[in-house]
Protein chains: 2
Amino acid sequence: MPLSEFQLIARYFGALPAAGPAEGVVLGIGDDAAILRVPSGEDLLVSIDTLVAGVHFPPSLSPRAIGHRALAVNLSDLAAMGARPLWFTLAITLPEADPRWLADFAEGLGELASRAGIALVGGDTTRGPLSVTIQVHGAAAPGAALRRDGARPGDELWVTGRPGLAALGLRLLQSGAEAEDPACAAFLWPEPRIAFGLALLGLASAAIDVSDGLLADAGHIAERSGCGIEIDAALLPLEAGLASLPRDEALELCLGGGDDYELCFTAPPSAAADISAAAGRLGLPCRRIGRVHAGEGIRCPGFSPAHAGFQHFGANTDA
Amino acid sequence: MPLSEFQLIARYFGALPAAGPAEGVVLGIGDDAAILRVPSGEDLLVSIDTLVAGVHFPPSLSPRAIGHRALAVNLSDLAAMGARPLWFTLAITLPEADPRWLADFAEGLGELASRAGIALVGGDTTRGPLSVTIQVHGAAAPGAALRRDGARPGDELWVTGRPGLAALGLRLLQSGAEAEDPACAAFLWPEPRIAFGLALLGLASAAIDVSDGLLADAGHIAERSGCGIEIDAALLPLEAGLASLPRDEALELCLGGGDDYELCFTAPPSAAADISAAAGRLGLPCRRIGRVHAGEGIRCPGFSPAHAGFQHFGANTDA
């Protein structure tokens with residue numbers, strides 16, 4: 001790729017809020033490595049995720065939505081740990097350096113970065129089939145981060161937002177619906193629950209973000225915690241667009257849909273009032289949907305998935 | 001990608017030395033994010049690089065060499081900063097999960113990781129056209145890291161190893177030479193100069209690793225330091241395989257070849273004896289090849305590149 005195209009890219013990403021003075025950035029973009037200072041006495045949390053065109057999002061997705069999504073899915077991992085976002089790096093592979101595409105991508109990325117208070121500190125631009133890899137860095141007090149392995153029998157299972165709505169939105173988009181539809185918007189503009197993740201510190205016993213589907217992700221908590229989890233289908237938030245669907249179809253989307261980037265977490269019953277109050281302050285729907293028990297596995301009595309290998313964009317597995 | 005394939009991948013990367021107890025790893029692979037503890041009082045250094053098949057390496061490259069290369073080019077960035085390697089994350093995109101390919105890739109990656117003392121702490125595996133993104137994390141004392149912007153008029157310019165040999169090796173490989181040829185080996189198995197980077201702390205005034213070609217990379221030091229640099233062609237190490245080529249061709253490879261991952265650095269003349277002694281202890285060829293002067297730009301009198309836009313694998317530009 002001729003240097004001029006890289007200079008073009010540098011221009012767009014150099015303009016991100018990131019480039020300015022940010023917490024702990026000793027040296028940002030432009031050297032062999034960034035030099036960063038983790039806040040004194042805090043732990044560093046890192047997560048890396050790749051989005052591949054046609055695998056993790058429809059090839060028709062707008063560059064602005066791709067930019068937003070690439071950062072949102074990574075911020076969602078920090079949210080699920082209760083970490084405070086600090087910095088991110090961006091490795092982007094592009095078939096060509098199209099100024100219009102880059103401007104729109106940088107706008108979607110930059111808008112969320114600015115809102116989340118996370119600074120771009122380094123990156124790599126290469127030519128090839130479109131994919132975007134972002135690594136996010138956050139901070140948390142030692143021992144405070146929310147992990148998947150802390151659920152205990154007797155804890156309650158909670159979920160934020162409207163899981164399934166994003167999967168419905170993707171389906172609607174693929175059949176030509178308008179992007180303004182609330183379900184479509186849920187797919188297009190996932191909102192990482194950073195503030196609520198921070199509010200859950202000291203309240204939740206375990207947490208995960210819902211990327212692969214509520215049932216699968218709650219199952220990861222069960223597995224890592226060495227417990228069983230039972231979801232009560234009657235408590236699931238089958239509202240908004242999901243309410244108009246046949247109940248089986250709504251359940252399928254809610255439990256298996258993926259791409260929600262909501263938080264699923266466990267907490268002792270004694271924390272329930274504080275959790276509801278925190279969600280209320282943030283205007284975030286949040287509901288108890290099940291219980292942790294001694295045993296193993298994840299079940300939702302009365303629900304049998306029509307498609308065991310439910311396909312969706314966003315299927316990602318940590319190595 | 002069916003879960004079973006991901007489980008296969010997890011098996012190979014789970015076996016990397018990384019999975020064991022490593023410095024500062026509070027929580028490794030398997031949650032939404034890794035939890036890491038930067039050594040007390042030290043700065044964190046991070047660098048991310050993507051290798052795309054057919055762009056950064058020939059598609060015919062062995063998976064073992066790809067695994068080595070993906071980590072080596074990133075470790076080389078830490079070496080150029082004088083940072084001590086701590087942790088890395090791996091985001092790999094694969095067209096299919098071929099057990100043999102994965103085992104060989106993991107072997108090449110793991111062998112270097114083990115030697116460099118760097119632990120795998122997280123990752124992401126996705127399906128798509130082959131590419132590998134690695135982010136490395138290292139540590140250095142505050143203010144100690146080697147940057148590109150510290151060169152001063154009167155400093156001398158140095159380079160390690162045999163720049164140009166890797167580019168010659170790539171050319172030979174593409175015309176069917178044996179991988180055992182020293183030039184081919186220089187391309188296939190780049191060796192990040194970590195120990196020497198650490199030895200340069202307190203001696204070098206600026207440093208960079210040679211990935212895009214010696215002339216271009218020394219030019220980055222000149223630009224970031226606000227100085228000029230002049231390379232003396234008579235001092236260049238046109239040895240090993242380069243000695244058998246016509247002088248113009250050898251110069252072209254040495255100054256423009258890229259993919260060397262040697263260190264190019266500047267230092268005051270007073271540091272010369274200590275630098276030579278440190279290189280001697282490591283058995284690493286290291287030579288003074290030019291000078292920093294007030295002014296700007298990079299020149300090598302008597303050398304005029306035959307191809308201004310010299311093409312090579314490894315062309316990478318930081319965003």
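Which residue just after α4(A) takes a positive phi? In this predicted model, the residue is Gly176(A), with a phi of about 95°. The helix that precedes Gly176(A) makes a good place to begin a tour of the structure.

Helix α4 of chain A spans residues 165-174. Its buried residues open with a run of three, Leu165(A), Ala166(A) and Ala167(A), and continue with Leu168(A), Gly169(A) and Leu170(A). Among the elements that cover these buried residues of α4(A) are two further helices of chain A, α5 (182-188) and α8 (247-256).

Strand pairing comes next, with β11 of chain A (residues 286-293) as the common partner. Strand β7 (residues 156-160) of chain A runs antiparallel to β11(A), and 5 bridges join the two. Within this part of the picture, Leu157(A) stands opposite Gly290(A) of β11(A). Strand β9 of chain A, residues 228-231, also pairs with β11(A) in the antiparallel sense, here over 4 bridges. Glu230(A) has Arg291(A) in β11(A) as its bridge partner.

On the scale of the whole chain, the domain assignment divides chain A into domain 1, residues 3-140, and domain 2, residues 156-299. A distance of 26 Å separates the C-alpha centres of these two domains of chain A. Where they touch, domain 1 of chain A contributes 16 residues to the contact and domain 2 of chain A contributes 17. On the domain 1 side, α2 (63-81) and β4 (84-94) of chain A each supply at least two residues. The largest share of that side comes from α2(A), with 11 residues. Sorted by class, the side of domain 1 of chain A that touches domain 2 holds 10 nonpolar residues, alongside 3 polar and 3 charged ones.

The final step is to set the two chains side by side. A turn of 180°, with a shift of 0.0 Å along the axis, lays chain B on chain A with an RMSD of 0.0 Å. The two copies are therefore related as by a two-fold rotation axis. The same surface serves both copies, as 97% of the contact residues of chain B recur in chain A.

Technical notes: Residues are numbered from 1 along each chain as its sequence is written. Chains are lettered from A and ligands numbered from 1 in the order in which they are written. This is a predicted model: local features need pLDDT of at least 70, side-chain atom pairs count only at pLDDT 80 or more; totals for chains, interfaces and linings use all residues. Domain bounds come from an automatic or database domain assignment. Two residues are in contact if their C-beta atoms, placed from the backbone, lie within 7 Å. Ala, Val, Leu, Ile, Met, Phe, Trp, Tyr, Cys and Pro count as nonpolar, Asp, Glu, Lys and Arg as charged, and the others, Gly among them, as polar. A residue is buried if 20 or more other C-beta atoms lie within 10 Å of its own, exposed if 12 or fewer, and partly exposed in between; C-beta atoms are placed from the backbone. Copies are superposed by least squares on the C-alpha atoms of residues with pLDDT of at least 70 in both. Two strands pair if DSSP finds at least two bridges between them.
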